[in-house]
Amino acid sequence: MVARRLASGGTWIDRRRPVAFTFDGAELVGFAGDTLASALLANGVTGGFRSPLEGRPRGVLSAGDEEPNAFVEVSSPWFETIVPATMVNLVDHLVATPRAGVGRLPGDEVAPRRATSRHRHVETLVIGAGASGRAAADEAAARGHRVLVVEQRHRLDEAVPDGVATLTSTTALGIYDDGAVVLYQRDGNLDRIWHVRARRVVLATGAHERPIAFAGNDLPGVMLAGAAHTYVERFGVLPGERVAVFSTNHAGHEAAEVLAAAGATIVAVVDPGEGGPATQRLRAAGFPIHAGSVVVATHADERGGVAGVTIAPADGGAGDGEAVRLEADLVAVSGGWNPTVQLGRAIGMGLAYDEAKACFVPDGSGPPWLQVVGAAAGEVPTSMALWSVEAGDDRRKYVELQRDQTVADVTGAVGRGFRSVEHVKRVTYIGTTIDQGRTSGVPTAEITNALLGWGPGAQGPTNARPPYVPVPFSALAGLDTGPVLMDPVRTTPMHASHVARGAVFEDVGQWKRPWFFPVGDEDRHATVNRECLAVRQAAGVLDASTLGKIEVVGPDAGTFLDRMYTNRMSNLAVGSIRYGLMLGLDAMVADDGVAMRLADDRYLVTTTTGGAALVLDRFEEWLQTEWPDLRVFCTSVTEQWAVVAVAGPRARDVLTAAGTDIDLQTFPFMTFRDGWVAGAPARVCRVSFTGELSYEVHVPAWYGAHVWAAVLEAGGPIGLTSYGTEAMHVLRAEKGFVIVGQDTDGTVTAEDLGMGWIVNDTKGDFIGKRSLTRDDTSRADRLQLVGLATDDPGLVLPEGTQVVEAGVPLEPPVPMLGHVTSSYASAALGRSVALALVRAGRARMRAQLAAVVRGQLVAVTVVDPVAYDPEGARRDG
Amino acid sequence: MRPVLPAHAVELGRIGATEVPFLAQLDVRCDPADAHRLGFPGEPNTVAGDMARGVLWLGPDEWLVVGAPGTEATTTTELHTALAGTHHSIVDVGANRTVIELTGAERHMALATGCSLDLEPAGGWSPGRCAQTLFGRAPVLLQELEAATRVFVRPSFAAYVVERLTAAVAR
């Protein structure tokens with residue numbers, strides 16, 4: 001095969017702008033406007049590629065996205081893992097290396113591709129900027145529509161009309177419901193994913209030319225006829241000097257004329273049929289026509305490229321004479337045209353076999369907003385149906401070049417009983433390629449049909465799915481990468497202070513919460529011990545701003561909350577607070593928090609940090625779908641309020657020192673007062689999650705940082721210590737207070753937690769009530785919350801540790817009695833504390849059981865969950 | 001009182017944005033007929049009023065009344081009076097969201113990197129419009145002014161929104 005740049009011509013290239021590039025180590029020059037493939041051919045590089053499985057020499061087959069052979073890695077001026085050379089726009093200093101169908105992940109030496117995304121709304125989206133696409137865009141623009149035309153090539157053949165937006169180097173990856181289309185734009189080193197919403201989508205994606213399976217059809221120098229035509233016309237490149245054209249349709253014949261006009265010698269025009277008007281025209285012009293004939297073999301030169309072809313009469317046909325061998329360096333093949341409708345098929349567009357055109361065309365089905373025009377709609381040349389040539393070695397008739405799969409492989413699959421083309425695909429891997437079987441799909445289906453004795457079109461190619469071309473994960477991730485943008489990091493108004501004071505943070509959902517506040521080189525253990533002791537002995541302060549908060553307003557608010565919580569909220573006095581437990585419909589504990597009655601018709605309820613959005617959704621769901629008669633409005637105020645929680649025997653002194661107009665002496669537990677703290681308007685709540693005297697100071701968020709700082713400063717001389725979520729967990733575990741989601745897992749009832757007291761089944765219906773009467777929820781042998789005391793007081797059981805009978809042989813299956821849900825070293829008690837869910841746990845009080853720690857049985861005793869201050873004497877200071 | 005984004009002054013400047021802190025914001029829920037009587041907008045995603053007091057449509061029975069800092073108490077009283085005898089709810093949410101005000105011609109493009117709404121005039125987005133949506137992964141409320149777009153965002157998400165806008169503009 002001898003390819004070269006012609007002295008003139010080439011509608012895409014700019015001969016005044018040479019472009020230097022490197023391919024496989026060789027320094028070459030092309031022109032601006034070239035693709036890498038056209039520049040390679042212009043430099044006489046006609047092979048240069050290998051097949052991935054058999055390592056056979058391969059060359060450029062196509063001029064488009066159907067390319068199954070010519071894959072490269074681009075390493076400069078940016079990195080692309082693996083792309084077809086036919087789709088690479090030649091730019092200065094491009095460095096490309098052939099890749100045999102398999103890409104390579106770059107190491108750190110490669111700068112990552114940048115990526116972003118855009119949403120776009122248009123009335124009409126046209127996919128494909130060919131003549132049909134431009135006409136559709138023109139018509140839509142004339143109607144005043146916003147029109148976007150996308151073209152996956154890097155340039156347009158002709159300008160689009162005024163007022164029409166275009167994106168080049170942009171491929172539609174997929175079309176989804178209601179005109180949602182995802183586009184992938186390659187802009188140098190920047191990838192951009194477009195999320196387009198269009199009222200109407202026009203598919204103007206053209207058609208793909210089909211190869212024919214004949215022996216030796218994979219040699220470099222076998223090229224699609226339309227591609228050869230394109231290389232001459234767009235790039236001024238002659239892909240071969242002596243050309244055999246093998247075509248079932250007039251497009252191949254036209255390619256012969258173009259190649260001849262460009263200076264090639266046409267050694268044969270092989271037409272398996274009797275020939276139509278195009279054949280007659282060529283015959284009249286003196287082209288050597290071989291009607292009723294086929295190419296039965298190619299012959300390779302010493303480099304593996306095409307050096308000749310053997311032409312023979314088609315089987316059973318009265319072909320033009322005997323088999324003849326001709327010298328040729330290019331076989332230009334056209335086996336007919338497949339409308340490019342993969343994008344449409346994935347959204348429900350059906351196909352029908354068109355016998356005259358020997359291809360599958362859209363059958364008119366599919367979403368009403370999707371229109372298909374031009375070649376994609378089936379406006380393709382009529383063609384004889386020829387998928388593979390009968391004569392010759394089936395093992396060299398390649399159907400799928402990228403998987404080295406041949407007619408013999410398809411025959412083997414069918415011989416093993418596979419009949420559906422979907423199964424043939426999966427057993428041969430045909431079509432599971434980068435090009436997704438664009439050249440192999442229809443031939444595989446039709447060869448299968450023929451082998452089964454079915455007629456042409458009995459089954460079509462395998463279904464198509466997005467993405468239409470491979471897309472880097474980095475492009476899909478877009479801006480949403482890295483520690484800041486991958487997922488929002490939510491912080492409280494006091495965050496800057498926590499950072500300045502060296503807090504170590506814990507992720508709680510999207511929130512960053514201070515985990516502990518080390519001083520100097522203190523480790524976590526020492527820090528948490530210090531923080532816990534401060535709360536038990538003096539005072540501690542916790543940033544509790546992340547608690548979910550919802551205002552529930554309306555005359556029926558009490559009735560509504562009675563139905564949402566297990567206990568009664570409607571008889572709560574204004575100014576008072578009540579703890580509440582919320583169940584799922586299955587009676588399992590779903591969330592907890594407190595309700596404050598702000599006014600007759602107004603409550604503020606708190607939720608767990610992680611449950612805030614879920615609880616509000618649940619409230620709205622029940623109000624909107626089940627009880628629209630209830631006059632209740634719910635409003636999230638989670639971030640309206642920053643919460644500074646002061647706990648410990650000296651909490652009152654801390655608040656006094658910070659300055660407040662609230663009388664802290666006559667302030668009963670589970671009530672709240674509105675007033676001022678440290679100069680800020682505040683609502684102070686007497687609740688406790690530590691067992692100590694506690695005040696939760698709620699202030700509008702914009703005062704949060706100020707009040708936090710003021711309390712810390714005022715409390716310093718009193719021994720106030722800031723504490724984090726770890727100390728909070730220890731303190732509450734010492735008191736046996738559960739954390740929903742840690743000590744519960746969606747299979748735990750209130751009774752299981754020993755909180756049957758909070759379930760009021762006399763007040764009327766509430767969510768989960770009915771499920772409480774199921775036999776299963778009242779089984780005596782359910783897992784129940786208990787405390788576990790280790791015989792070794794210094795041993796902290798790992799959370800999740802299995803609990804078993806003492807002395808049980810550790811031979812599987814070992815009967816499990818439960819597991820540890822919370823476990824900490826308690827500085828206040830000088831020993832470890834653990835909470836566990838244990839089968840019939842409360843009936844085992846004081847029982848000796850065992851925990852399995854690193855394969856060893858460790859002795860534990862079942863105890864009351866409340867390890868610290870069981871009398872509750874410390875609650876009021 | 002402390003604004004949410006003082007540490008992001010440089011980023012805000014780079015994207016032509018400013019924080020508008022401490023606006024009075026009241027979440028009002030009531031019967032649409034009562035709202036109509038008060039001149040609240042009935043058309044979804046529109047704003048009634050002016051800069052002194054704007055009423056943003058949030059839902060069929062929900063509005064956000066936005067006013068100058070410090071006006072929440074008087075406005076609350078006024079609305080309670082106007083809605084006396086009806087089932088309604090007025091909740092102070094002034095600190096629940098801060099406002100990032102974007103100016104510059106590129107602002108809609110920056111938002112379009114992470115917001116799926118149609119933010120072009122041809123799609124109906126123009127001064128007087130508002131919408132609750134997402135920017136990236138953060139819930140936001142957008143309000144279009146004559147030459148600016150207000151992004152109402154919860155304080156905890158504000159830094160994320162600024163960082164994402166900055167990254168969007170940089171690309």
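This short talk describes the overall form of chain A, its nonpolar cores, one helix and one sheet.

Good morning. Please keep in mind throughout that the structure shown above is a predicted model.

I begin with the chain as a whole. Chain A contains 18 helices and 49 strands. Its radius of gyration is 38 Å, well over the 29 Å that the globule rule gives for 877 residues, and chain A is therefore more spread out than a compact globule. Along the principal axes, the C-alpha atoms fill a box of roughly 115 × 65 × 60 Å. Even so, 60% of the 877 residues count as buried. The exposed surface of chain A comes to about 33,300 Å², and carbon and sulfur atoms supply 52% of that area. As for contacts between residues at least 6 apart in sequence, 63% of them join residues at least 24 apart.

Let us now turn to the interior. In soluble globular proteins, nonpolar side chains tend to be buried together. Which residues have the most contacts inside the largest nonpolar core? They are Phe21(A), Leu36(A), Val72(A) and Tyr231(A), in a core of 56 residues. Leaving aside residues up to four places away in sequence, Leu36(A) touches Phe21(A) and Val72(A), and also Ala85(A), Val88(A), Leu90(A), Leu94(A) and Ala96(A). There is also a second, separate core of 37 residues, which includes Phe517(A), Val654(A), Tyr703(A) and Leu720(A).

Tyr231(A), named a moment ago in the largest core, is also one of the buried residues of helix H3(A). This helix spans residues 225-235 and is mostly covered, with 10 of its 11 residues buried. Among them are His229(A), Arg234(A) and Phe235(A). After H3(A) comes Gly236(A), whose phi is positive, near 60°.

My last topic is a sheet. Strands of a sheet pair through backbone hydrogen bonds, either parallel or antiparallel. In chain A, an open sheet of six strands follows the order S40-S41-S42-S39-S33-S43, and its pairing is mixed. Why is one side of S40 and of S43 left without a neighbour in the sheet? Strand S40 (672-677) and strand S43 (720-722) stand at the edges, and each has a single partner strand, so one side of each lacks a neighbour there. From one strand to the next, the twist averages 25°.

Within this sheet, strand S39 (residues 641-647) and strand S42 (residues 694-700) of chain A pair in the antiparallel sense, over seven bridges. As an example, Val644(A) has Val697(A), in S42(A), as its bridge partner.

Thank you for your attention.

Key
Residues are numbered from 1 along each chain as its sequence is written. Chains are lettered from A and ligands numbered from 1 in the order in which they are written. This is a predicted model: local features need pLDDT of at least 70, side-chain atom pairs count only at pLDDT 80 or more; totals for chains, interfaces and linings use all residues. Side-chain values use heavy atoms; hydrogens and water are left out. Two strands pair if DSSP finds at least two bridges between them. Helices (H or I, at least four residues) and strands (E, at least two) are DSSP runs, numbered from the N terminus. Axes are lines fitted to C-alpha atoms, for helices over the stretch in contact, and angles run from 0 to 180 degrees between N-to-C directions. The radius of gyration is taken over C-alpha atoms; the globule rule is 2.2 Å times the number of residues to the power 0.38. Buried means under 20% relative accessible area, exposed over 50%, partly exposed in between (1.4 Å probe, protein chains only). Contact means heavy atoms within 4.5 Å. Accessible areas come from the Shrake-Rupley method with a 1.4 Å probe; for residues, only the protein chains shown count as cover. A nonpolar core is a set of buried Ala, Val, Leu, Ile, Met, Phe, Trp, Tyr and Cys residues joined through side-chain atoms within 4.5 Å.
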